[in-house]
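Hi everyone, thanks for making time. I'd like to walk you through a structure that may be new to you, so let's get it up on the screen.

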Amino acid sequence: MVGDESAQLRPALERLRLGGALFLRAEYTDGWAYESPSADGLIDLLQPDAEQMVLFHIVAHGTCWIEVDRGERHWATEGDVIVLPYADRHQMGGKRNAATVPIASLLDPPPWDELPEIRHGEGGPRTDIVCGYLHTADPLFDRTMRALPPVFVVRPSDVASHWVKASIEFALERAAPKTGRSVDHAVATRLPELLLIEVLHQHLASAPAADRGWLAALHDPILAPAMSLMHGHPERKWTVSDLAGEVAVSRSVLDDRFRRILGRSPMRYLTDWRLHMARDLLANTEMTVGAVASDVGYDSQEAFSRAFKRATGEAPSIWRVRRRTSIVYPGE
């Protein structure tokens, strides 16, 4: 574990439920540059039933840059992991200037019978990239909340870098034509999940404090312990007074800090967290709707169902059935 600040995120990361896979490998030679589809376009392409998507690129060899919607340019080199928490439209390229082309023009249209490969560029030094994605309903990756930067680059720790490299090599060696999968299901799904959690820990531990959002909250001496209390004990009948007392500040100070940094009141944040936990329990346990309601802090199933429907547009039981029948993970 890296740093006390990222430990505040541990309850959230432990509850992440992720599906995904490696889906592309590419060999680019300078000069080269491409532009991705929008987030909605990537979801339609890779996992149409997903609510949110996280995209990542592992630089296996060489050097490249990435920018989101032609904003600030980030550079990455061999061993780095590039993360796009909201799968935003982005551009990537090499050291030499080149015309930017849509990545769709470099790929055959899906469905793919084997792990797609791209070979593109003008013949200069080579950059090898392995791409993967994850889909999750977790509010950490909510595009409206924007708790994380649109793109960041992380170099896994020495220990993590060895299993990342070995797993990537294994996955690529096991690429099987005519199967519709890059590797067996366990590797295809578990590797992206482990990789994302590792780089999130490292990023949050080393990132400078931000003005707004989760990064600022995790470095804030008032918000961090308040969030930790709500994450760890969502079933408690929290009030603003209770939370303020636990972190030794006034109600007005706590309320102002939540609104200024997280863009919502303490009770709104608590509701969002409770509904996140409820989605997790509905999707991944056999608990009854009433038991879920009680577990996440609602006095009655009816009150919980009303809150859940306001947030998702569906009653909990209907959402559970649709979720379990509509999501098909790659390789299954």
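One bit of vocabulary before anything else: when I say two residues touch, or are in contact, I mean they have heavy atoms within 4.5 Å. Also, please keep in mind that this is a predicted model.

Okay, the overview. We've got a chain of 332 residues, and 49% of them are buried. The chain has 13 helices and eleven strands. If you take the contacts between residues at least 6 apart in sequence, 74% of them join residues at least 24 apart.

Let's start with helix α3, residues 39–46. Which of its residues are buried? They're A39, L42, I43 and L46. Looking down the axis of α3, those buried residues fall within an arc of 100 degrees, so they line one face of the helix. And what covers them? The cover includes three strands: β1 (19–29), β3 (53–61) and β10 (126–135).

Now jump along to α7, residues 223–232. Here the buried residues are L223, A224, A226, M227, M230 and H231. Down the axis of α7 they fall within an arc of 165 degrees, so they line one face of this helix too.

Who does α7 pack with? One helix to look at is α9, residues 251–262: the two axes come within 11 Å and cross at roughly 90 degrees. That makes α7 roughly perpendicular to α9. On the α7 side, the contact is made by L223, A226, M227 and M230, and on the α9 side by L254, R257, F258, I261 and L262. Sort those by class and you get eight nonpolar residues, no polar ones and one charged.

There's another crossing I want to show you, between α10 (residues 266–284) and α12. Their axes are 11 Å apart, and they pack at an angle of about 95 degrees. These two are therefore roughly perpendicular to each other. From α10 you've got L275, A278, R279 and L282, meeting F304, A307, F308, A311 and T312 of α12. By class, that contact has seven nonpolar residues, one polar and one charged.

Let me zoom in on a couple of single residues. First, V289, which sits in helix α11, residues 289–295. Buried or exposed? At 13% relative accessibility, V289 counts as buried. Leaving out anything up to four places away in sequence, V289 touches L282, Q301, F304, S305, P316 and S317. We just met two of those: L282 and F304 both take part in the contact of α10 with α12. In sequence, V289 and F304 are 15 residues apart, and in space their C-alpha atoms are 8.7 Å apart.

Second, E314. You'll find E314 in the loop between α12 (301–312) and α13 (316–326). This glutamate is buried, with a relative accessible area of 19%; the cut-off for buried is under 20%. What does E314 touch, again not counting residues up to four places away in sequence? The list is F308, K309, W319 and R322. With R322 there's something extra to point out: a polar contact of 3.1 Å joins the side chains of E314 and R322. And F308 should sound familiar, as one of the α12 residues that meet α10.

That's my tour, so let's open it up for discussion.

Note on methods. Residues numbered from 1 in each chain as written. Predicted model: local features only at pLDDT ≥ 70, side-chain atom pairs only at ≥ 80, totals over all residues. Heavy atoms only, no water. Buried < 20%, exposed > 50% of the residue type's maximum accessible area, 1.4 Å probe, protein only. Helix = DSSP H or I, 4+ residues; strand = E, 2+ residues; numbered from the N terminus. Arc of directions from axis to C-beta. Axes fitted to C-alpha atoms, helices over the stretch in contact; angles between N-to-C directions. Parallel < 35°, antiparallel > 145°, perpendicular 65-115°, else oblique. Nonpolar A, V, L, I, M, F, W, Y, C, P; charged D, E, K, R; others polar. Polar contact = N/O pair within 3.5 Å; in protein donor to acceptor, adjacent residues only side chain to side chain.
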